[in-house]
Amino acid sequence: MKINALVAQDATQPLSTYQISLRPLQKQDVKIEILYCGVCHSDLHMARNEWGVSRYPLVPGHEIVGRVVETGAQASRFTVGDIVGVGVMVDSCRECHFCRQQEEQYCEAGFTATYNGIDKYTGESTWGGYAQNVIVDEDFVVSVPQHLPLAGVAPMLCAGVTVWSPLRHYNVKAGDRVGVVGLGGLGHMAVKLASALGAEVTLFTTSPEKGADARRLGATQVVVSRDGAQMAACRASLDLIIDCVAAPHDLDPYLAALKTNGRLVLVGIPDSPHLSPDITPMVFRRLSISGSSIGSIKETQEMLDFCGEKNITADIELIGGEAIETAYARMLKGDVRYRFVIDMQATRW
Ligand code: NAP
Ligand code: ZN
Ligand code: ZN
């Protein structure tokens with residue numbers, strides 16, 4: 001089956017419309033008509049081969065919300081018409097320690113990525129959500145709370161769960177003091193979710209003009225990270241910091257902002273390394289630096305259910321697919337309020 005998709009042919013050409021083929025529907029599969037797909041900074045890193053692992057042609061997109069239009073003979077979790085989501089993973093080995101404990105994002109064989117992965121059935125590339133349809137094993141599909149505005153749900157399938165997972169893993173609770181670095185797609189979800197969990201949120205930003213938005217989204221304190229005096233004023237004040245920045249930067253000022261026993265969780269994946277942090281404060285104040293990869297299917301569903309209860313969605317700017325390069329250019333300048341989402345129905349293919 002052929003469908004329209006936005007395709008990167010190599011690292012330098014702009015994305016443009018081509019036809020791609022989806023795999024035949026397998027017994028456990030659902031076929032989804034894509035309504036909305038968020039634009040993650042990872043899509044830009046991958047379209048332009050900034051991590052050196054891209055294989056072309058490549059169809060980005062792993063923040064997918066759509067409608068089930070067909071189900072395989074043994075697929076039982078969804079029925080035609082259901083509104084569902086697909087995030088960064090479409091399969092995993094299902095046998096390793098991490099898969100068995102429902103942490104497929106750490107599958108020892110490596111999860112199958114929604115795009116630029118290797119499809120288990122065809123042996124060919126997986127295609128992402130900048131497209132009209134996707135076919136996915138039902139175990140990697142989540143239910144979307146139907147009362148939420150669906151375009152704003154799409155970014156939660158990657159940005160939302162990527163910050164939800166460390167907040168939950170490190171048991172952030174009411175009264176904890178949480179820092180968020182960078183008010184982009186991930187960062188704005190981190191502010192919303194951490195404050196909804198009852199944490200007191202400090203946003204670190206390079207864009208002072210985002211301060212009012214940060215407070216509206218739930219931050220109680222905004223710190224301009226390039227202002228040394230403001231950084232010094234929040235020394236040793238935070239329990240946990242989630243760093244959502246897509247570019248290399250100095251980690252030491254964030255370590256300084258942690259209380260003793262505090263933890264800096266890195267979720268941003270810059271295309272070149274951060275400077276090595278100074279380990280002295282880590283030793284003398286028992287600080288930790290961690291990474292965190294997206295979140296499991298279980299955590300994704302938990303996060304969506306939580307957001308359904310609390311009426312939380314992403315703040316988005318809706319675009320047609322033909323505007324993708326403009327969106328990428330603005331993303332590179334940090335000019336995102338706070339996630340671009342492609343409206344697939346409005347896209348001129
Ligand atoms: P984004 O929307 O572009 O946001 C990144 C934000 O970082 C910007 O809005 C900006 O916020 C700040 N920033 C950008 N350049 C900076 C610089 N040179 N110095 C300081 N701050 C800068 O990106 P995103 O989609 O949220 O993704 C963020 C990163 O997370 C990307 O590297 C992406 O690949 C990665 N990611 C990781 C996972 C995971 O599983 N760990 C999942 C998804 C994405 P301010 O204007 O507020 O400073
Ligand atoms: Zn992503
Ligand atoms: Zn596994």
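Buried means under 20% relative accessible area. By that cut-off, the buried residues of α10 are I297, E299, T300, Q301, M303, L304, F306, C307 and G308. This is a predicted model. The briefing covers the site of ligand 1, two helices and two arginines.

**Ligand 1: the shell**
- Ligand 1 is surrounded by 28 residues. H41, T205, T206, S207 and R339 are the closest of them.
- By class, 13 residues of the shell are nonpolar, 13 are polar and two are charged.
- Two helices, α1 (41-47) and α5 (185-196), each contribute at least two residues to the shell.
- The most comes from α1, which gives three residues.

**Ligand 1: polar contacts and cover**
- The side chain of T206 places an N or O atom 2.6 Å from an oxygen atom of ligand 1.
- L186 uses its backbone: an N or O atom there is 2.8 Å from an oxygen atom of ligand 1.
- V267 also uses a backbone N or O atom, which lies 2.9 Å from a nitrogen atom of ligand 1.
- On its own, ligand 1 has 920 Å² of accessible area, and the protein covers 90% of this.

**R339**
- R339 sits in the loop between α11 (324-332) and β17 (340-343).
- Its relative accessibility is 3%, so R339 counts as buried.
- R339 is also among the residues closest to ligand 1.
- Beyond four places away in sequence, R339 touches V39, C40, H41, E63, P155, A159, G185, L186, D315, I316, E317 and M331.
- Two of these contacts, G185 and L186, are buried residues of α5.
- Another contact, H41, is itself one of the residues closest to ligand 1.

**Helix α5**
- α5 has 12 residues. From first C-alpha to last, α5 reaches 17 Å, close to the 16 Å expected at 1.5 Å a residue.
- Of its 12 residues, 10 are buried, so α5 is largely enclosed by the rest of the structure.
- The buried set is G185, L186, G187, H188, M189, A190, V191, K192, L193 and A194.
- These residues pack against three helices, α4, α6 (211-217) and α10, and against strands β10, β11 (200-205) and β12 (219-224).
- Just after α5, G198 takes a positive phi of about 100°.

**Helix α10**
- α10 covers residues 297-310, 14 in total. At 1.5 Å a residue the helix should span 20 Å, and its end C-alpha atoms are 20 Å apart, so the two values agree.
- Its buried residues include the charged E299.
- The buried residues of α10 pack against strands β6 (89-91) and β9 (142-143). Their other partners are the helices α3 (150-153), α4 (159-169) and α5.
- N311, just after α10, takes a positive phi of about 55°.

**R177**
- R177 is found in strand β10 (residues 177-181).
- Which exposure class does R177 fall into at 24% relative accessibility? R177 counts as partly exposed, because partly exposed starts where buried, under 20%, ends.
- Leaving aside residues up to four places away in sequence, R177 touches E200, T202, Q221, S237, L238, D239, L240 and K259.
- R177 and G334 are 157 residues apart along the chain, and their C-alpha atoms are separated by 25 Å.

Definitions and conventions
Residues numbered from 1 in each chain as written. Chains lettered and ligands numbered in written order. Predicted model: local features only at pLDDT ≥ 70, side-chain atom pairs only at ≥ 80, totals over all residues. Heavy atoms only, no water. Near = heavy atom within 4 Å. Polar contact = N/O pair within 3.5 Å; in protein donor to acceptor, adjacent residues only side chain to side chain. Areas by Shrake-Rupley, 256 points an atom, 1.4 Å probe, with all protein chains shown as cover. Helix = DSSP H or I, 4+ residues; strand = E, 2+ residues; numbered from the N terminus. Expected span 1.5 Å × (residues − 1). Buried < 20%, exposed > 50% of the residue type's maximum accessible area, 1.4 Å probe, protein only. Contact = heavy atoms within 4.5 Å.
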